[in-house]
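Student: I should like to understand how the terms applied to a structure follow from the values computed for it. May we go through some of them in turn?

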Amino acid sequence: MSDFTSVGWSIWIVTIALGGVAFCLFVLFSQMKGQAKKGEKISDTGHIWDGITEYDTPLPRWWISMFLILTVVALGYWVLYPGLGTFKGLLDTNQAKEVRANQEKIEAMVQPVFQKYAEMPIEDIAKDDEARAIGQRLFLNNCAQCHGSDAQGSPSFPNLTDSSWLWGGEPEKILQTITNGRRGIMTAHKTLMTPAQASDIAQYVRSLNELAHDQTRVVPGKKMFDQFCVACHGAEAKGNPLLGAPDLTDGAWLYGSSEETIVYGILNGRDNQMPAQKDLLSPEQIRVLAGWVWGLSNVDK
Ligand code: HEC
Ligand code: HEC
């Protein structure tokens, strides 16, 4: 209620709330007039339809009492709990506070579990059964929407289960990737070459992976590669983990190996981002995740 910009809204809500109760009481009492008293013969209203006579039977006393008791309960609730506009209620509770208190309780319970991983080497975390179970749950909650629930990725989202890495597969590198995020940028080449030249380069890249290619175009393709691509992908096209430039010879593909996909990437470039997790997860949670991810390609299950 604190986000109301004027007291007008608060007054409006109080009016509706109390007015609603007052209206119900008005209806209740106004309809009791003219009804037969206890012991008196109950009159009928004169309506008869299809052999059914409508009587003017008074409301049962227990029903009226219950209604009045519930009205008192409602008014009592508004005195104790928030409900009437900006009035916080005498007990001064609210659900946001309760949720926060519960979260703090849960965090305090979980803290000792994670504490033991704060110092543990990531290689050991990867072999610890309990840590692996926690790591998998964290992965499913925080990472699977992009990397897939089996961590095998999909176009533009890297497969984390193989030994091909954009940014390096050492435990510390994985930890850095998750903590600070990564952004892989490949510049566009469409102003620097024709699509036919890009296609020559694609023939060369495909030849490095023993995929079907046109041998006569590999030679001009390699020349273009040496001119435009080695700065990031290296002279042998083995990539550069400092730039997140992938190894183009290992048979693992972030986007795909078809000529069309490779040419598209060369002409238009790529800009791909792994979001930093340091503001979303605790350092211990990130460590457990790094262990789990490293274990996918380094620990036999
Ligand atoms: C919004 C989507 C998204 C989410 C969520 C996400 N990632 Fe990523 N992740 C990416 C993308 C995209 C890349 C590739 C970045 C690039 O191209 O350089 C990546 C890269 C990585 C890499 C580097 C892979 C390599 O080959 O070097 C690791 C490790 C990784 N993610 C782990 C995780 C973990 C663990 C989580 C959960 C905490 C996570 N990611 C959550 C999109 C995401
Ligand atoms: C400025 C550095 C840079 C240059 C120059 C560059 N690349 Fe890249 N390249 C990258 C990066 C970084 C990625 C990864 C993009 C991502 O993370 O999405 C990439 C991705 C690729 C991919 C996708 C690989 C896959 O697994 O799907 C191919 C193919 C590729 N580059 C080929 C080339 C070719 C051919 C050239 C020369 C015409 C070239 N690159 C020039 C940095 C570069």
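The discussion below concerns a predicted model.

Student: Why is Met 66 called partly exposed?

Tutor: Met 66, which is found in helix H2 (residues 61–80), has a relative accessibility of 38%. Buried means under 20% and exposed means over 50%, with partly exposed in between; Met 66 therefore counts as partly exposed.

Student: What makes Met 66 eligible for a nonpolar surface patch?

Tutor: Patch residues need over 30% relative accessible area and no salt bridge, and Met is among the nonpolar side chains that count. At 38%, Met 66 is over that area cut-off. The patch of about 720 Å² is made by Met 66 together with Leu 59, Trp 62, Trp 63, Ile 69, Leu 70 and Val 73.

Student: What makes the approach of His 233 to ligand 2 a polar contact?

Tutor: An N or O atom in the His 233 side chain is 2.8 Å from a nitrogen atom of ligand 2. A polar contact is a pair of N or O atoms within 3.5 Å, so this pair qualifies.

Student: How do you know that Asn 272 also makes a polar contact with ligand 2?

Tutor: The distance from an N or O atom of the Asn 272 side chain to an oxygen atom of ligand 2 is 3.4 Å, which is within the 3.5 Å limit. For Leu 254, a polar backbone atom lies 2.6 Å from an oxygen atom of ligand 2.

Student: Which element gives the most to the shell around ligand 2?

Tutor: Strand S3 does, with three residues. Helix H10 (230–233) and strand S4 (270–274) each supply at least two.

How values were computed. Residues are numbered from 1 along each chain as its sequence is written. Chains are lettered from A and ligands numbered from 1 in the order in which they are written. This is a predicted model: local features need pLDDT of at least 70, side-chain atom pairs count only at pLDDT 80 or more; totals for chains, interfaces and linings use all residues. Side-chain values use heavy atoms; hydrogens and water are left out. Patches are made of residues with over 30% relative accessible area and no salt bridge: like charges are joined within 9 Å, nonpolar side chains (Val, Leu, Ile, Met, Phe, Trp, Tyr) within 5 Å. Accessible areas come from the Shrake-Rupley method with a 1.4 Å probe; for residues, only the protein chains shown count as cover. A salt bridge is a side-chain nitrogen of Lys or Arg within 4 Å of a carboxyl oxygen of Asp or Glu. Helices (H or I, at least four residues) and strands (E, at least two) are DSSP runs, numbered from the N terminus. Buried means under 20% relative accessible area, exposed over 50%, partly exposed in between (1.4 Å probe, protein chains only). A polar contact is a pair of N or O atoms within 3.5 Å; within protein, one must be able to donate a hydrogen and the other to accept it, and residues adjacent in sequence count only if both atoms are side-chain atoms.
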